[in-house]
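I opened the model to look up two things. One is the ligand site, the other is the aromatic rings.

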Amino acid sequence: MPKGAAISTSRHKPKLGQHFLTSEAAALRIVEALGDVSEATVLEIGPGRGAITDLLARKSRRLIAVELDRVLSAQLRMKFSMRPNVEIIEGDILKIELDTVFGAKPGSLRTGLNFAPEPARVIGNLPYYITSDIVLRLLEYHRYFSTLVVMVQKEVADRLAASAGRRDYGLLSATVQLYGRVEQLFTLPPGTFSPPPKVHSSVVRITIKPRLESLRVPEAEFIRFLKLCFGQKRKTLWNNLKTAYDEDGLRAALAKSGVKPSVRAEALPLEKTAALFRALGDGGS
Ligand code: SAM
């Protein structure tokens, strides 16, 4: 394909959540939400036909774009072959080895104990069928990232950004907010995409700033505890937790952390959930 040629617009794969951005102004707005990327490495998830990729190829120091669709990734590779700062990886963002892509390289001079590479920024108009899985996987590897700007279904954005006690607050909100600050930036109508999805889409920015230390909780155990607290929607904290803790210990920990047994996890800010976790000891049952 000649340099600058457009990527095929004749087909799309609904199963891969393919809704391509058709508005250049919207693509620019999303890219600008990442801030100045002239010195940054950017990871793009699902570049598709390249609406966002085009802008980032010009603006960023280094761009790594991961696309699952074999045809699209081949077309992108051709299109950006003259751009040494752009790397197109054909692969599944839920499976590629992020340690290999972003970790220190063995044998490199930059692998010393003090080597701390500049964290990358992540951008993506995410395929809706795996939005939460992608966000959760990125958070699992948060050490490599400083900012995530993702376009998701508006309802998911509402959940990501909801604060405790609000209707949309749940396990996803609590988990994401454990790792950073969430801002819901703007919403785009279905007509901004081809083919148009059935839903509105919102752009969310997550600024990575893990709260594990300030909440004094160990990562894996606390995530397990959150899952338990939110185990059965509409059940009280007491009913969800009594499956894993003895009732006397649970009663004492709830009292110590000032949490009413009748409350639901959805109503509890992270500070309180962490206090309860700590009061329960090491989180073991
Ligand atoms: N970024 C493009 C845009 O804004 O026009 C395309 C966005 S489209 C909503 C989602 C893209 O993610 C599609 O190109 C799709 O093929 C790709 N995709 C779907 N599942 C994927 C996965 N597991 N890993 C990487 N890319 C994926």
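The entries below cover the ligand first and the rings after it.

Entry 1, ground rules. I am working with a predicted model, in which local features need pLDDT of at least 70, side-chain atom pairs count only at pLDDT 80 or more, and totals for chains, interfaces and linings use all residues. I number residues from 1 along each chain as its sequence is written, and side-chain values use heavy atoms, with hydrogens and water left out.

Entry 2, ligand shell. I looked up which residues lie around the ligand (a residue is near a molecule if one of its heavy atoms lies within 4 Å of it). There are 23, and Gln18, Leu21, Gly46, Glu67 and Asp92 come nearest. By class I find twelve nonpolar, seven polar and four charged residues in the shell. Here Ala, Val, Leu, Ile, Met, Phe, Trp, Tyr, Cys and Pro count as nonpolar, Asp, Glu, Lys and Arg as charged, and the others, Gly among them, as polar.

Entry 3, polar contacts. I looked for pairs of N or O atoms within 3.5 Å. A nitrogen atom of the ligand lies 2.8 Å from a backbone N or O atom of Gly46. For Ile93, a polar backbone atom is 3.0 Å from a nitrogen atom of the ligand. Asn125 places a polar side-chain atom 2.9 Å from an oxygen atom of the ligand. The ligand taken alone exposes 590 Å², and the protein buries 99% of that; I took accessible areas from the Shrake-Rupley method with a 1.4 Å probe. Strand S1 (20-21) and strand S3 (62-67) are the elements that give two or more residues to the shell. Strands are DSSP runs of E, at least two residues, and helices are runs of H or I, at least four, numbered from the N terminus.

Entry 4, aromatic pairs. I counted nine, pairing rings of Phe, Tyr and Trp (its six-membered ring) with centres within 6.5 Å; planes under 30 degrees apart are stacked, over 60 edge-to-face, the rest tilted. Tyr169 and Phe230 make a tilted pair, 6.3 Å centre to centre with 55 degrees between the planes. They sit 61 residues apart, Tyr169 in the loop between helix H6 (154-161) and helix H7 (171-179), Phe230 in the loop between helix H9 (219-229) and helix H10 (237-241). Both Tyr169 and Phe230 are buried (under 20% relative accessible area).

Entry 5, second pair. Phe222 and Phe277 are edge-to-face, at 5.5 Å and 80 degrees. Phe222 is in helix H9 and Phe277 in helix H12 (residues 270-279), 55 residues apart. Phe222 counts as buried because its relative accessibility is 0%.

Terms used. Polar contact = N/O pair within 3.5 Å; in protein donor to acceptor, adjacent residues only side chain to side chain. Buried < 20%, exposed > 50% of the residue type's maximum accessible area, 1.4 Å probe, protein only.
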